[in-house]
Structure formats: structure tokens, C-alpha cells
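Please load the structure in a viewer and keep the selection tool at hand. The stops below are to be taken in order.

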Amino acid sequence: MNRAWRSPSASILLATAFAILLGGPSDAIHALALLSLCGFLALLHPTAKTRSRAFEAISALALLLGAAAFLPYKWFPESPWREALTQDLNHALPPVLTPQPWITLERFITAAGAFAWLHHLRRCPWTNRDRRLALHGLMTLFTLLALLGLILQWKQMPWPWGEAPDQYTPFANRNQFATLCALSLTLHTAALLGTRWTKHHLRRLLFLNIGTITTAVALLVIGSRAGILLAILGVTTLLTHRAWTKRTVRPLAIAISFGFFTLAALFLTEPRILERLTFSHETIEAFQNGRLALYRDTLTLIEHAPILGQGLGNFAGTFPFVRQVSLSEYGIRHPDSDLLWWWAELGPASLLLFIAGILLTISHIRKRHQQPHSAHARPYDRALHRGAIAALALVALHACVDVPLHRLGTVWPALLLLALVTSPKPSRTLPHPRRNLYPAAAAALAILIVTLTPKDPTQRAPLSWQHHFTRAQELLHAGRLHQAETHFQIARFLEPHSPLIPLAEANHWRAIGDPTRTLHAWQEVLRRDPAQAPIYRDRFTKQAKRQALPIPLATLSEDS
């Protein structure tokens, strides 16, 4: 084979490792760093021209759906909340469908970079050895990450750039890290099933068993219900397939034993997990008031924009306006489902593209299995291929009830798995190697967008109540009370349910001795949380008397 066709495994694993270390956040800076690295690495390895353009067509259609958010807003029915925000509060929004075009543009460039990276991965000349090296490297990355998480948790040392003091992995949400652990266990199980237990493979068996034990222990320590169930499903599927093909019940017995052992160990480490797994009255009620209520409100949001959605990156900003049954004092960033998230932001066509991608992936897998036996000459390679298919299926399944495909640290390994199971086997002579410029172009666009993004956060994200509240604080300290009051009102409008926002506003007005605005903020607190009204009323009365504020407390009591 030509020297130009060097193995791409090392550079691709470097990009995947960097994405995993970035973890859960998918903001513009993290995406820019990752896309820049991918664009540089894509230029190092020439690629082939793929015969199948179906994946590229699905990617192009998905990007067209994302670009449709920049159509003129007057072509569509006006939302009540948008009319109130622009007319009553005099808060101007851009004349396009998306109310936050800069946020949408950042998400669009990130999606384009992910599709460009997938395009590069599928065009790489993957030989059986390259696939084997890539999967070995991926398992090693997962094992090292699990080991590092265990060490940090044992030492009680948080992740260096984590968001919480008890975060020991790159992911603030433990379910995302548990997803990688489930994928690791699935791949390790496939590798063990494809390895003969002989002295010749003793070193490989040693490393595989170490990786399996390390990942399993990390998964049990995390205590993620979704990760445990995904791992059991992946391992059981592989062992059941082994039992069916070999016509023996031994792998099936091992699968059942693994499931019981994992659940027993989980119950011992996390006693409360039993309450979450059993369908008790409390569990069902918590599900109905939690995730099910969130899904119902998300469907209401979908009804407000049933064709093209709200635009990429606008779920968190528009969801509070339709929130009716999933009420709490905390904000909602996502609907706990990749499918519902795409449906709300891109419309129903995004679900059709997701289904089309699944069917196309299955078609490519079937074609690979119909190729001559030399396509997977070694039994170990065939076992690894089955493990990659099972791991990819777990990601697709998990996307229905969580958001692994909206996190850089989980979507980049999924893209690698997708490329490994769908890319065709290259021929020995690959003439006219080409440099793939798509990832580099996506990185250049990301740099341009970050450079041109307005520095004013209220212009970049006009539906973020946090930015407006921060701006109100700055204006208040500058003595511009009327403008500060306007931004406080906008912040309250953008988050109409949480009583903490008007409570914090009241503290600012009370600090400068403004009784009228303090009273209005207190009234809003009582309106938002009537169940705690007596407690709040007593607290406000003490604060007013302590500072001798001329606030008509009787009026406050009547309005409450």
C-alpha cells in the first residue's frame, strides 16, 4: 500500500480523546478548539472518494433544516411570547425565525463540523488492522478515563476544569460518563469473546480483563441507572449472540450471571438504587412529575413551531414560555431526549433523518456481512466488529431517553464507531489520494463566527435571563435605575416560574433603599410561590422593619 495511506488511527484517537476530555460542555469555545484540531488532523491524512453518498445526503439535509431557522420571521405565525417581549417590554429581536441567531449559528457550525468529521472518518482507508487499532485505542481511552475517575474520587480531588466540587470526570452529568463505561464494557466483552484463552494471547487477555474490571468498578461507583442498564443490555446481547451462533447455553448462562452480579453489586454500593429500579407508587409518581411532565411540556413547545422548530440552540430560551406541568424553581436546559430536542429545534423532519440514518447504517452493515470472508479474515476482527455494532446501537437507544448526541465527549466516540461499522473495505491500490478540506473549512468558519460574535451577551443570547439579570446589576451599580428595572423585568419575563429571580431582585432594590420597586419584586415572589407565602411574608416584614423601609406591609399581605 502507498505510503500516503498511513494508518489514520493515531490522529483520529487523538481527536476523540480531546473531545472526551472536553466532556459535557458544547459551547462555542470548546467546539472551536475541537474543530480546529480535527481540521488540522484531517489535512495530515489523505482520504479516498467514497462510492456511497447517502450519509452525505442525510448530513446535507440536516444542515438545511438548521439553516431554515434564518428564514424571515414574518413568513410564520407570530408567537405570543415574542409579541409580548418585543411590544410590551420593548426588547427587540432579529427579524428571522430563530430569536437567537448567534447561538443558532454557533450550533450550526458545530453540527457542520461533526458531519464533516464523520465524512472524513468514512473516507479514511480503514483496513482490518486500522479498525482493530482504533477500537483498541478507544477501549484504552475509556479504561484510562475510568481509572482516573476512580483515583480522583478516592483522593476527593475534583476534575481540574469541572463545574462542581464533586465532579471527578470530564462530565458534570454522571449519565454521560456512564454511557462511555457501558460502551467500554460492551467492546471489552466482544474482544474477550473473540480471543482464544491460550498462552499466545495471554498479554491481550490480561489487558482486556484489567480494562473490563476497571470500567465495571467505575460504573458501579457512579451508580448511574442508565449506564448500568446499558452495560447489561450490551453485554447480554453479545453473549446471547454467541450462544445462538455456537449452539451452546454457556454464554447465555454467563450473561444471566453477569446481570445478577452487576445488580447485586449495585444494590450493595447504592442501596437507594433499588427504590429507583422498582415500580413502586413513589417511583411512578416521581416519573410522572419529572421526566414525563418534561416530555409533555416539550410536546407543547413543539406545537408552537410544528414545521421547522424553534431553531438550533433555542430550547432552553423558549421552553419556560410553555412550561406548565414540569414546574420547579430550577431551569431546564434540555428535554432529556435527543430525539425530542431535535424535534423541538429542527421540526419533525429531523426525526425522519435520524430514522433514515439508522436504516442506512443497518443496510451498510448487511452489505459488509455479505462481502467475501476475507473482509473479516480473523475471528477476532469479526468479534470487534460485532462489539462496535452493539456499542453504536446502545448510543442510538440511549438517545431516546438522554442527550449523549448533544455532548462533544460522547458524540465524537459515536462518530468513530459509526465510521468503523459503515465504511467500506479499501482496495490494495488507492490511486489519487485526496486531502479532505471539509473539517478545516468548518474550523475556519467556527473561528470566524467566534470572532464576529457580539461582545454584549444580551445581544448574543437575548433569551438568557442570566445575562439580562447581570446587565441589570451593572446598570444598578452605575446609578441607571430605569434601565436596570427594564432588564430586571426582561429577566423575570424570560424565566416566569422561579421565585428566586424576583427575590434576588428585591434584595438589590432593598440594598439601595427603593421601597416601591422592592414591594413589586416581593409581590412577584409571593405570586410565583404561593405555597411558601406565609414564610416569605414573615421574612419580608422583618427585613422592612429592620431597614425602616416605608413599605405598606398591609398591601403586601392583601396582594399575596
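Select H334 to begin: this residue is buried, with a relative accessible area of 14% (buried means under 20% relative accessible area, exposed over 50%, partly exposed in between, with a 1.4 Å probe and protein chains only). H334 is found in the loop between α14 (315–318) and α15 (338–346); helices are DSSP runs of H or I of at least four residues, strands are E runs of at least two, and both are numbered from the N terminus. Display D336 as well: the side chain of H334 reaches the backbone nitrogen of D336 at 3.1 Å. Such a polar contact is a pair of N or O atoms within 3.5 Å; within protein, one must be able to donate a hydrogen and the other to accept it, and residues adjacent in sequence count only if both atoms are side-chain atoms.

The model is predicted: local features need pLDDT of at least 70, side-chain atom pairs count only at pLDDT 80 or more, and totals for chains, interfaces and linings use all residues. Residues are numbered from 1 along each chain as its sequence is written, and side-chain values use heavy atoms, with hydrogens and water left out.

Move next to A442 in helix α19. A442 is buried, at a relative accessible area of 7%. Add G39 to the selection: A442 and G39 are 403 residues apart in sequence, yet 7.5 Å apart in space, C-alpha to C-alpha.

The next stop is the aromatic rings. The whole structure holds 10 aromatic pairs (rings of Phe, Tyr and Trp, the last by its six-membered ring, with centres within 6.5 Å; planes under 30 degrees apart count as stacked, over 60 as edge-to-face and the rest as tilted). Select F469 and F488, an edge-to-face pair at 5.1 Å centre to centre with 70° between the planes. F469 belongs to helix α21 (residues 465–477) and F488 to helix α22 (residues 481–494), so the pair ties together parts that are 19 residues apart in sequence. Both residues, F469 and F488, are buried. Extend the selection to W465 and W509, which form one aromatic cluster with F469 and F488. R517 lies over the face of W509, at 5.0 Å from the ring centre; a charge sits over a ring if NZ of Lys or CZ of Arg is within 6 Å of the ring centre and within 35 degrees of the ring normal.

For another charge over a ring, select R82 and Y73: the charged end of R82 is 3.8 Å from the centre of the Y73 ring.

Finally, turn to the enclosed space. How many cavities of 30 Å³ or more does a search of the whole structure find? There are three. A cavity is a set of points, on a 1 Å grid over the protein atoms alone, where a 1.4 Å probe fits but cannot get out, and lining residues have an atom within 4 Å of a point. Grid points are joined across faces, edges and corners, and a volume is the space filled by probe spheres set on the points.

The largest cavity has a volume of about 90 Å³. Of its 11 lining residues, select those closest to the centre: R131, L135, D381, L384 and H385. Helices α6 (128–155), α17 (379–398) and α18 (408–422) are the elements that give two or more residues to this lining.

The second largest cavity has a volume of about 70 Å³. Its lining includes A28, L105 and A446, and α2 (28–44), α5 (101–123) and α19 (438–452) each supply at least two lining residues.

Notes:
1 Å grid on protein atoms, 1.4 Å probe; cavity = no way out; pocket = protein on both sides within 12 Å on 5 of 7 lines; lining within 4 Å.
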